[in-house]
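Subject: Structure handover

Hello,

Here is the structure I promised to pass on. Please open it and keep it beside this email as you read.

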Amino acid sequence: MSIRRIWGTARRILSQLRHDPRTIALMILAPCLLMTILKYVYQNQPQVFQHVAGALLGIFPMLVMFLITSVGTLRERTSGTLERLLILPITKLELILGYAKAFGIAALIQAVVVSSVALGPLGLKIAGSQIMLIIVAIIDALLGMSIGIFVSSFAKTEFQAVQFLPAILFPQLLLSGLLAPRESMPSILRVISDYLPLTYAVDATQKVISGQGSVGRDFLLLAVFLVALLGAGALTLKRQTK
Amino acid sequence: MSAAVRISDLKIIRDKKTIIPKLNMEIEQGQIVGLLGPSGSGKTTIMRSIVGVQAFQAGSIAVLGLAAGSKQLRTRIGYFTQSASIYTDLTCLENLHYFAHILGQSEISVHEVLELVDLTKNQRQLASSLSGGERARLALATALLGRPELLILDEPTVGLDPVLRRDLWNLFHKLADQGKTLLISSHVMDEADRCDSLFLLREGHVLASGTPSALKADAHTHEMEEVFISLVERL
């Protein structure tokens, strides 16, 4: 494994983003705008804002990174650059880790800006540590990225790739315990949600917000999902076609 | 002289359609070998199988003495694809820096290949704003990085202006003189004369092979187009 090639790939992806200022602006400003709207929608029920906004801090980076990576890797697959790369001395894992590094940095920036806006001017209060909340947001972003890379191999067009958002992420969102506590769900749905990564992402966020409970188990399970999905993502990169 | 590429009894089936029924081909080191034929004749498929990205059902391909697709070949082959495989949202320099980075090549080699394809003045331009010909030259520059021993170039001169085309062919000859092997595909028959030897392809079969002059002498003509037509009519 070569750090040079991983870092080179990350730098290339960040350069691509840099040449696309509109995407950067949307990535950072859209979640801030949504947070602000949320604040005023619930101006008479501040406790609802406190509950939802914190969880959304983890969800936004995941959604954004999912979209960017699924479309980005699909573009790499269809433009021929992926095939071109895989005949060069770079391993699939190095390429995937390059992606993870680049989007991890993008996620960090997004998470810091959006959390600062929410915790600062919008008056979001959390009982746990703010640093911890940002760490959760970054893990969520990496999770969204790894799902994005993985599902992009099942899409032939960008239209299809984007449709995986409602197909793959929204069901997880519904079952994650964000909208309704998981304890109140029918047991079959609760069992299904036990196997979905988003469940643990939301759980970790809620623990950090309430300042109660340990996030150790959530982080461990999220790490397992992350490694498995990145590995599966690497396997979907094929050096050879039939 | 040893063969840079040796293809034996190659068979390729894609989507239940036989693309290459049974192909034998030998490409000598230090030569410019032309792969000529209409579109759909299997040129790209053959090139992809030599590079190692096309799976095949039967036969064998030895590239520089190793099985096609071997790990050790990854720094030794330069590949130019028809749809210029470059990042259009990066500048020329950024594109080349990235590929050089992966190949472990220096900054100097980046400027060297930019010079070779005459893109030095466009180096800070985004690839998306380049013309079709300039994009093709950028892709060619990435294939030349690291001075590979074997260059597989899939229609590298399509759509280029005649002066540039001549310059590129001069470059190809210079590379061959240095001992590099070049496999170049084209559907433009008039490029055939610039190759050391040719394979004329149709529907996955080799119609004929040899030096341009020998092929023309056999068909009693001075035009490569005529050679092709007479070979097809003889079938």
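Which residue in E2(B) is the bridge partner of B:Ala3? The partner is B:Glu28. Keep in mind that this is a predicted model.

**The four-strand sheet of chain B**

That pair belongs to two strands of chain B, E1 (residues 3–14) and E2 (17–28). Eight bridges join E1(B) to E2(B), and the two strands run antiparallel. They form a hairpin with two residues between them. Look at B:Asp15 in the turn: its phi is positive, about 50°.

Now widen the view. E1(B) and E2(B) sit in an open sheet of four strands, in the order E2-E1-E4-E5. The pairing is antiparallel. Strands E2 and E5 (66–67) of chain B stand at the edges. Each has a single partner strand, so one side of each is left without a neighbour in the sheet. At the E5(B) end, two bridges join E4 (residues 58–63) to E5(B), again in an antiparallel run. Here B:Val63 has B:Leu66 in E5(B) as its bridge partner.

**The six-strand sheet of chain B**

Chain B also has an open sheet of six strands. The order is E6-E7-E8-E3-E9-E10, and the pairing is mixed. Its edge strands are E6 (77–80) and E10 (205–210), each paired on one side only. Direction ignored, neighbouring strands are turned by 15° against each other on average.

Follow one edge. Five bridges join E9 (residues 197–202) of chain B to E10(B), and these two strands run antiparallel. B:Leu201 has B:Val206 in E10(B) as its bridge partner.

A helix lies across this part of chain B. Helix H1 (residues 43–51) of chain B crosses E3, E6, E7, E8 and E9. It runs at about 150° to E7(B).

**Domains of chain B**

The domain assignment gives two domains in chain B. Domain 1 covers 1–11 + 33–76 + 149–235, and domain 2 covers 83–147. Their C-alpha centres lie 24 Å apart. Nine residues of domain 1 are in contact with eight residues of domain 2. On the domain 1 side, strand E7 (150–154) and helix H5 (162–177) of chain B are the elements that give two or more residues. By class, that side has six nonpolar, two polar and one charged residues.

**Two packed helices in chain A**

Turn to chain A. Helix H3 (residues 46–78) and helix H7 (residues 158–175) of chain A pack at an angle of about 150°. Their axes are 9 Å apart. The crossing is right-handed. Residues of H3(A) in this contact include A:Leu63, A:Phe66 and A:Leu67. From H7(A), they include A:Ala161, A:Val162 and A:Phe164. By class, the contact has ten nonpolar, one polar and one charged residues.

How confident is the predictor in chain A? The average pLDDT is 89, and 100% of the residues score at least 70. Among the elements of chain A, H3(A) has the lowest mean pLDDT, 86. H1(A) has the highest, 94.

**Where the chains meet**

The contact takes 21 residues from chain A and 23 residues from chain B. On the chain A side, helix H1 (3–18) and helix H4 (81–86) of chain A each give two or more residues. H1(A) gives the largest share, six residues. By class, this side of chain A has four nonpolar, nine polar and eight charged residues.

Best wishes

Methods:
Residues are numbered from 1 along each chain as its sequence is written. Chains are lettered from A and ligands numbered from 1 in the order in which they are written. This is a predicted model: local features need pLDDT of at least 70, side-chain atom pairs count only at pLDDT 80 or more; totals for chains, interfaces and linings use all residues. Two residues are in contact if their C-beta atoms, placed from the backbone, lie within 7 Å. Ala, Val, Leu, Ile, Met, Phe, Trp, Tyr, Cys and Pro count as nonpolar, Asp, Glu, Lys and Arg as charged, and the others, Gly among them, as polar. Axes are lines fitted to C-alpha atoms, for helices over the stretch in contact, and angles run from 0 to 180 degrees between N-to-C directions. A crossing is left-handed if the near helix is turned anticlockwise from the far one by less than a right angle, and right-handed if clockwise. Domain bounds come from an automatic or database domain assignment. pLDDT is the predictor's confidence in each residue, from 0 to 100. Two strands pair if DSSP finds at least two bridges between them.
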